[in-house]
Amino acid sequence: MEKKNILTGIRPTGRLHLGHYFGATRNWVALQDKYNTYVEIADVQALTDNFDNPEKVRKSVKELAIDLLAVGIDPEKTTLFIQSMIPEIAELTVYYSNLVTIARLERNPTVKTEIKQKKELFGNNGEGITYGFLGYPVSQAADITAFNGQLVPVGEDQLPLLEQCREIVRKFNNIYGETLSEPEAYLSENKRIKGLDGNDKMGKSLGNAIYLCDDEETIRKKVMSAVTDPNKIKKDDPANPDICMVNYYHKLIGNDNIETLCSECKKGERGCVQCKKELIENMMNFLKPIHEKIKYYENNPEEVDNILKNGTKKAKEKAEETMKKVKEAININYFE
Ligand code: TRP
């Protein structure tokens, strides 16, 4: 049986943090053994929010590639590529844009939430909402279908975008004949990783992210300020580990003594400082191999460039095939 295609994407707007790792990239690494995997560095999509700061996107493309390779994305198994270097994606977006109404895009729950956030930032006049932003779900449908993405590993917040893609595919096939396949979501089990500050989500904009490239000093500061049971004042007060972010991270990273740790905590036999120090140590051990690989790729930038060039070349060939089929279907394949 032929391997199914997996397609996923990530915006280059900063470095990878533990939320990305446990919520997404760890799964991509596991999936690449079983599927024909494409990972897109979605710089065009990143520009929809950062068109006035292209330097940030540019810098982030290489850093993100390094972080992805460091967590185990294997260029022998995964086609890692840069979105803007595949003009076919932009071309498909143009044809798909006829198949989506503006009202439908405005109703897309993910877009709706983002518009609300933008209005809070830019005021209520909607001046912050560009045509490019409103249309990014269409472009994302092009990302997926250009590579015949059958399974799309995403978080829950991305489900409306996938549904939008499926609608575009159905409409396309209805009008122009069966050409594209409908992708399915591949939901990861760890949907959302909490922040050390107790926030439901770890995120760059929330200021609570622990980056994979953080050094020990930075990790120490972040862990030492983590939210613990507020009722525990003194070192030997009994506490509830279930509401402690240090405990949450012990579990996330993995701790062989977690049961002892919890029972000591409940009995008031363990202080938070000790617990935090152990977490720092565990986290550093966990990050060690990743740090080593980050360092390796930072010292070998031409290797990273070659991986991206080769991945992009391979991805482009696939996108060209799709483009050909699409033009045939619409009957705009002149002189062929
Ligand atoms: N929108 C996704 C995000 O912000 C990134 C993305 C771009 C993507 N293209 C994609 C995800 C295609 C899945 C499939 O996280």
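These legends walk through a few close-up views of a predicted model.

**View 1. The space enclosed inside the protein.** Rolling a probe the size of a water molecule over the atoms shows where empty space is left. Here, the structure turns out to hold one cavity of 30 Å³ or more. The largest cavity has about 110 Å³ of space in it. It is lined by 14 residues, and K232, C244, C265, C272 and C275 are the closest to its centre.

**View 2. What the cavity lining is made of.** Two helices to look for are α12 (258-267) and α13 (272-299), each of which gives at least two residues to the lining of the largest cavity. Sort that lining by class and you get seven nonpolar, four polar and three charged residues.

**View 3. Polar side chains reaching the ligand.** Now for the ligand and three glutamines beside it. Q45 has a side-chain N or O atom 2.8 Å from a nitrogen atom of the ligand. For Q140, a polar side-chain atom also sits 2.8 Å from a ligand nitrogen, while Q158 places one 3.0 Å from a nitrogen atom of the ligand. On its own the ligand would expose 370 Å², and the protein buries 86% of that.

**View 4. The whole shell around the ligand.** Step back and you'll find 13 residues around the ligand, with G9, Q45, Q140, D143 and Q158 coming nearest. Strands β1 (5-10) and β4 (151-154), along with helix α8 (136-146), each chip in at least two residues of this shell. By class, the shell is made up of five nonpolar, five polar and three charged residues.

Technical notes
Residues numbered from 1 in each chain as written. Predicted model: local features only at pLDDT ≥ 70, side-chain atom pairs only at ≥ 80, totals over all residues. Heavy atoms only, no water. 1 Å grid on protein atoms, 1.4 Å probe; cavity = no way out; pocket = protein on both sides within 12 Å on 5 of 7 lines; lining within 4 Å. Points joined across faces, edges and corners; volume = space filled by probe spheres on them. Helix = DSSP H or I, 4+ residues; strand = E, 2+ residues; numbered from the N terminus. Nonpolar A, V, L, I, M, F, W, Y, C, P; charged D, E, K, R; others polar. Near = heavy atom within 4 Å. Polar contact = N/O pair within 3.5 Å; in protein donor to acceptor, adjacent residues only side chain to side chain. Areas by Shrake-Rupley, 256 points an atom, 1.4 Å probe, with all protein chains shown as cover.
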